[in-house]
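Q: Please give a close reading of one part of this model, the first part of the chain. I would like to begin with the ligand and then follow the strands and helices in a connected account.

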Amino acid sequence: MEGKRILVTGGSGLVGKAIEKVVADGEGRPDEQWIFISSKDADLTNAADTKCLFEKHKPTHVIHLAAMVGGLFRNMKYNLDFLRNNLHINDNVLHSAYEMGVQKVVSCLSTCIFPDKTTYPIDETMIHNGPPHTSNFGYSYAKRMIDVQNRAYYEQHGCKFTSVIPTNVFGPHDNFNIDDGHVLPGLIHKVYSAKQNGTALSIWGTGQPRRQFIYSLDLARLFIWVLREYNEVDPIILSVGEEDEVSIKEAAESIVAAMEFKGELIFDSTKSDGQFKKTASNHKLRKYLPDFQFTPFNKVFSVTCLEWFGSWAWHSTLSPCAPISPTIPWDLLWWRSSLCRGREPSPTPGSLQLTKSQLDGERY
Ligand SMILES: NC(=O)c1ccc[n+]([C@@H]2O[C@H](COP(=O)([O-])OP(=O)(O)OC[C@H]3O[C@@H](n4cnc5c(N)ncnc54)[C@H](OP(=O)(O)O)[C@@H]3O)[C@@H](O)[C@H]2O)c1
């Protein structure tokens, strides 16, 4: 039997890199060829480019991660762009997959696309039950349309196109930008800066909002399971349990402990808390995989810090064995970390030019 050619769109991002690592570390099978692509390989908003990409690689399976992703303020400002770009990307990928006879597509939704007014915990049946939060309606409706398209491709053509719904993802190759990055790497950056400058750690908001965080490598293993074993068209939430939801304060305390920060913690309640919670149920996942082990939050955290700093050290002009000094300027670290992501670094450490997917927010 001919092997599988698995195309991963968004292969240079946080989730794509995690899948690449898990595959390289032994989850890949001899009959599988994995192809990880980024926007450098094709602009998926462009139908002709997308078709060429599919014709070139002739995938039998697709994990579709590529998206215009951003934070609260960028979403609010560019709802139309989020809507149009993501509608185009998703339509181009799904239709090319259909035209090329791809056997299965697993696309990625997010818990942020659920109705703003809802009951908790949210589950897979509730996606279309009401309008999303006004701040990110463009991104949300585009993501919701993937589920609509999956059903339509199945009903009209029998395609096995499905989707997964992760909660907040974190791990190596995350976006560590304070203003634009995810909450956990943003906190790591802040702790690092506070240590470097000998200042207090200022945390935006009251610290009370609660979140479920999934480690990117756990998510990667679940993606691979979905690709191989999950046969429903309906989406599935990939999340730790409701009992594993933590407050931002608890998350910050974990980072502080992992990075041995001894200074003061200040909660800046003049800054918005955002949505208080978006608790998701992993009941459906647990019915399929009752024994799946999520990596414990605290353990993950020190690994994340270490992996990231380790990556930096590896690419640094310093010896990889050299201790990481708190006096190394942050922008040099950031520059090194962009190298580690395999992305174009800025020409000089002092003038940062981030790729579009690094650009902003506690991302949806
Ligand atoms: N991160 C989270 O917390 C989270 C939570 C729930 C759901 N999700 C979903 O998970 C998926 C992956 O997220 P992520 O955090 O890994 O994102 P990410 O780190 O921002 O990566 C985005 C990826 O999409 C690619 N991309 C963007 N625009 C493209 C275009 N026009 N053509 C081709 N490729 C394009 C980027 O390529 P370049 O590197 O070349 O720019 C990059 O590989 C997304 O669908 C996102 O909505 C993420």
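**Ligand contacts and the first strands**

A: An oxygen atom of the ligand lies 2.7 Å from a polar backbone atom of L65. The model is a predicted one, and its distances should be read accordingly. Two side chains also make polar contacts with ligand oxygen atoms: an N or O atom in the side chain of S39 is 2.5 Å from one, and a polar side-chain atom of Y139 is 2.6 Å from one. In total, 33 residues surround the ligand. The closest of them are S12, S39, L65, Y139 and K143.

As background, the protein has 364 residues, of which 53% count as buried. Its secondary structure comprises 11 helices and 12 strands. Among contacts with a separation of 6 or more, 78% join residues that are 24 or more positions apart.

The account of the strands starts with β1, residues 4-9, in which five of six residues are buried. Strand β1 has parallel partners in β2 and β3. With β2 (residues 32-36) the parallel pairing runs over five bridges, and with β3 (residues 61-64) it runs over four bridges. Residue L7 serves as a reference point for both pairings: L7 stands opposite I35 in β2 and opposite V62 in β3. The connection from β1 to β2 involves helix α1 (residues 14-27), and these three elements make a right-handed β-α-β unit.

Within β2, E32 merits separate attention. E32 belongs to this strand, and with a relative accessible area of 11% E32 falls under the 20% limit and is therefore buried. The side chain of E32 makes a polar contact, at 3.0 Å, with the side chain of W34. In a regular strand, side chains alternate between the two faces of the sheet. Leaving aside residues up to four places away in sequence, E32 touches K4, I6, E27 and R228. Of these contacts, K4 and I6 lie in β1, and E27 lies in α1.

Helix α2, residues 47-57, has T50, L53, F54 and H57 as its buried residues. These four cover an arc of only 95° around the axis, so they lie on the same side of α2. On the other side of the helix, A48 and K56 are exposed. The cover over the buried residues of α2 includes the three strands β1, β2 and β3, together with α4 (79-99).

Both ends of α2 can be described as well. At the N-terminal end, N46 acts as a cap, with a side-chain oxygen 2.9 Å from the backbone nitrogen of A48. A48 is thus both a partner in the cap and one of the exposed residues of the helix. After the helix comes K58, which has a positive phi, near 45°.

A further residue links the account to β4. S107 is found in that strand, residues 104-108. Its relative accessible area is 0%, under the 20% limit, and S107 is therefore buried. Not counting residues up to four places away in sequence, S107 touches H64, L94, I146, T162, S163 and V164. Two of these contacts return to elements already described: H64 lies in β3, and L94 lies in α4.

Methods: Residues are numbered from 1 along each chain as its sequence is written. This is a predicted model: local features need pLDDT of at least 70, side-chain atom pairs count only at pLDDT 80 or more; totals for chains, interfaces and linings use all residues. Side-chain values use heavy atoms; hydrogens and water are left out. Buried means under 20% relative accessible area, exposed over 50%, partly exposed in between (1.4 Å probe, protein chains only). Helices (H or I, at least four residues) and strands (E, at least two) are DSSP runs, numbered from the N terminus. Two strands pair if DSSP finds at least two bridges between them. A crossover is right-handed if, with the strands pointing away from the viewer, the path from the first strand over the helix to the second runs clockwise. A polar contact is a pair of N or O atoms within 3.5 Å; within protein, one must be able to donate a hydrogen and the other to accept it, and residues adjacent in sequence count only if both atoms are side-chain atoms. Contact means heavy atoms within 4.5 Å. The arc is that of the directions from the helix axis to the C-beta atoms. A residue is near a molecule or strand if one of its heavy atoms lies within 4 Å of it.
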